Amino acid sequence: PFHMAYPGLSLKGQVALVTGSARGIGSALAIGLAQAGADVAVSDIPQQLDQARGIQSQIEGLDRRSATYDLDVLNLANIRESVDAVVRDFGRLDILVNNAGIRRRQPALEVTEEDWDAVVDTNLKGAFFCAQAAARPMIEQEHGRIINISSQLAVVAGENRAAYCS
């Protein structure tokens with residue numbers, strides 16, 4: 001039988017989508033949501049899908065439903081398609097965790113427009129449009145939670161991280 005890893009916190013019957021969940025913080029969040037009882041849609045960019053499938057297997061090993069989605073937060077059409085696929089496959093979407101993000105370490109005087117755009121488009125624009133896409137089914141079902149993961153560097157500057165801190 002399923003063992004609840006977080007007594008007093010039950011997400012049983014809920015479906016979560018975690019962006020950037022193939023590794024790092026995202027994979028820990030995806031597994032933690034499953035341990036709390038949620039079914040979890042794992043997602044990441046195409047280059048990370050093998051790792052994402054490994055996280056899916058770990059979640060399924062917890063007797064939770066899981067699937068892996070190719071979700072690139074830089075592609076607005078892909079975001080909408082992925083959210084629609086999660087809702088189609090699981091029947092609902094209760095939790096979105098905006099975790100996907102990148103950082104580029106470089107002195108502020110060396111940040112190019114391309115570097116800036118890559119970081120801001122992934123970490124800010126991507127999170128906004130994932131939230132927008134997830135909000136649609138959440139509004140229809142009159143329930144949902146959107147969790148945006150941020151860094152402490154959003155409030156405390158870090159050396160060689162001008163774009164990321166912004």
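This report describes selected features of a predicted model, going from its nonpolar cores to a helix pair and then to two individual residues.

## Nonpolar cores

The largest nonpolar core holds 19 residues, and those that touch the most other members are L17, Y69, V86, F90, L93 and L96. Two or more residues of this core come from each of the elements β1 (15-18), β3, α3 and α4. Apart from this core there is a second, separate one of 18 residues, which includes A16, V18, I95 and V97. In soluble globular proteins, nonpolar side chains tend to be buried together.

L96, one of the residues named for the largest core, can be followed further through its contacts. When neighbours within four places in sequence are left aside, L96 is in contact with L17, T19, C130, A131, A134, M138, R145, I146 and I147.

## The pair of helices α3 and α4

Helix α3, which covers residues 76-90, packs against helix α4, which covers residues 113-140, at an angle of about 35° and with the two axes 9 Å apart. The crossing in which α3 passes α4 is right-handed.

On the side of α3 the contact is made by L76, I79, R80, V83 and V87, while α4 contributes K125, G126, F129, C130, A133, A134 and P137. Sorted by character, the residues of this contact comprise 9 nonpolar, 1 polar and 2 charged. Two of the α4 residues in this contact, C130 and A134, also appear among the contacts of L96.

## V42 in strand β2

V42 belongs to strand β2, which spans residues 39-44. Its relative accessible area is 0%, and because residues under 20% count as buried, V42 is buried.

Not counting residues up to four places away in sequence, V42 touches V18, S21, A52, I55, Q56, I59, S66, A67, T68 and Y69. Among these, V18 is included in the second core, whereas Y69 is named for the largest core. V42 and L71 are separated by 29 residues in sequence, and their C-alpha atoms are 9.2 Å apart in space.

## R64 in a loop

R64 is placed in the loop between α2 (49-60) and β3 (66-70). With a relative accessible area of 10%, R64 is buried, since this value falls under the 20% cut-off.

The side chain of R64 has polar partners in the backbone: it reaches the backbone oxygen of G37 at 2.9 Å, and one of its polar atoms lies 3.4 Å from the backbone oxygen of A38.

How values were computed:
Residues are numbered from 1 along each chain as its sequence is written. This is a predicted model: local features need pLDDT of at least 70, side-chain atom pairs count only at pLDDT 80 or more; totals for chains, interfaces and linings use all residues. Side-chain values use heavy atoms; hydrogens and water are left out. Axes are lines fitted to C-alpha atoms, for helices over the stretch in contact, and angles run from 0 to 180 degrees between N-to-C directions. Helices (H or I, at least four residues) and strands (E, at least two) are DSSP runs, numbered from the N terminus. A crossing is left-handed if the near helix is turned anticlockwise from the far one by less than a right angle, and right-handed if clockwise. Contact means heavy atoms within 4.5 Å. Ala, Val, Leu, Ile, Met, Phe, Trp, Tyr, Cys and Pro count as nonpolar, Asp, Glu, Lys and Arg as charged, and the others, Gly among them, as polar. Buried means under 20% relative accessible area, exposed over 50%, partly exposed in between (1.4 Å probe, protein chains only). A polar contact is a pair of N or O atoms within 3.5 Å; within protein, one must be able to donate a hydrogen and the other to accept it, and residues adjacent in sequence count only if both atoms are side-chain atoms. A nonpolar core is a set of buried Ala, Val, Leu, Ile, Met, Phe, Trp, Tyr and Cys residues joined through side-chain atoms within 4.5 Å.
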